[in-house]
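I opened my notebook to look up a few side chains. I kept each entry short.

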Amino acid sequence: MPDSMSEQLRRDMECEGLLACFHGLKELDKECFRALVGAENPLTVDEIADAVDRERSTAYRAVQRLLQTGFIEKNQINYDQGGYYHVYSPTDPSQIADDMQRMLNDWYAKMGQLIQEFETKYDRSDASAPPVEG
């Protein structure tokens with residue numbers, strides 16, 4: 001059993017590394033994301049801060065980064081007597097995966113274009129060939 005637990009931990013770390021690679025997430029961002037994934041219900045910023053043992057303002061900044069990357073969603077809960085508060089929950093993993101695949105495809109296309117531009121700019125075979133007369 002310990003082998004399977006360590007294997008799962010390794011895979012979790014690789015997945016989180018992927019998230020950090022694509023979006024530049026900080027360790028706190030990943031901790032907040034894990035707290036949301038592990039929660040049975042959506043959480044408020046105060047609940048997230050408690051879960052990661054950080055100040056509310058620090059957790060709020062991490063939540064904002066997660067919102068910007070699309071990893072979490074924000075919903076408004078209205079009080080009957082007026083007013084509201086926000087709760088946060090993880091985005092559907094398939095949607096996150098689709099977004100990362102799109103980013104990878106865009107990156108791949110851009111790198112291909114840059115490689116072609118590099119080759120065109122620095123290709124010396126054209127410069128050393130004799131001019132064609134005709």
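Is Ile 77 buried, partly exposed or exposed? I looked up its relative accessibility and found 32%. Partly exposed means between 20% and 50%, so Ile 77 counts as partly exposed. I noted that the model is predicted.

**Entry: the nonpolar patch**

Next I asked which residues make a nonpolar surface patch with Ile 77. They are Tyr 79 and Tyr 85. The patch covers about 250 Å². I also checked where Ile 77 sits in the fold. It lies in strand β1, which runs over residues 72-78.

**Entry: counting salt bridges**

How many salt bridges does the structure hold? I found four. I wrote down three of these pairs below, with their distances.

**Entry: Glu 27 and its partners**

I started with Glu 27. It forms a salt bridge with Lys 30. The closest N and O atoms of this pair are 3.5 Å apart. A salt bridge needs these atoms within 4 Å, so the pair at 3.5 Å qualifies.

Where do Glu 27 and Lys 30 lie? Both are in helix α2, residues 27-38. They are three residues apart, about one turn of the helix.

Glu 27 also meets the side chain of Arg 34 in a salt bridge. I read 3.4 Å from N to O for that pair. I then saw that Glu 27, Lys 30 and Arg 34 are linked in a network of salt bridges.

I compared how well these three are covered. Which of the classes does Lys 30 fall in? Its relative accessibility is 14%, and buried means under 20%, so Lys 30 counts as buried. Glu 27 has 42% relative accessibility and counts as partly exposed. Arg 34 is partly exposed too, with a relative accessible area of 35%.

**Entry: Asp 46 and Arg 56**

My last pair was Asp 46 with Arg 56. They form a salt bridge, and their closest N and O atoms are 2.9 Å apart. Which helices does this pair join? Asp 46 lies in helix α3, residues 45-52, and Arg 56 in helix α4, residues 56-69. The pair therefore ties together parts that are 10 residues apart in sequence.

I looked up the cover on both ends. Asp 46 is partly exposed, at 41% relative accessibility. Arg 56 is partly exposed as well, at 45%.

Notes
Residues numbered from 1 in each chain as written. Predicted model: local features only at pLDDT ≥ 70, side-chain atom pairs only at ≥ 80, totals over all residues. Heavy atoms only, no water. Patch = residues over 30% accessible without salt bridge, like charges linked within 9 Å, V, L, I, M, F, W, Y side chains within 5 Å. Areas by Shrake-Rupley, 256 points an atom, 1.4 Å probe, with all protein chains shown as cover. Helix = DSSP H or I, 4+ residues; strand = E, 2+ residues; numbered from the N terminus. Buried < 20%, exposed > 50% of the residue type's maximum accessible area, 1.4 Å probe, protein only.
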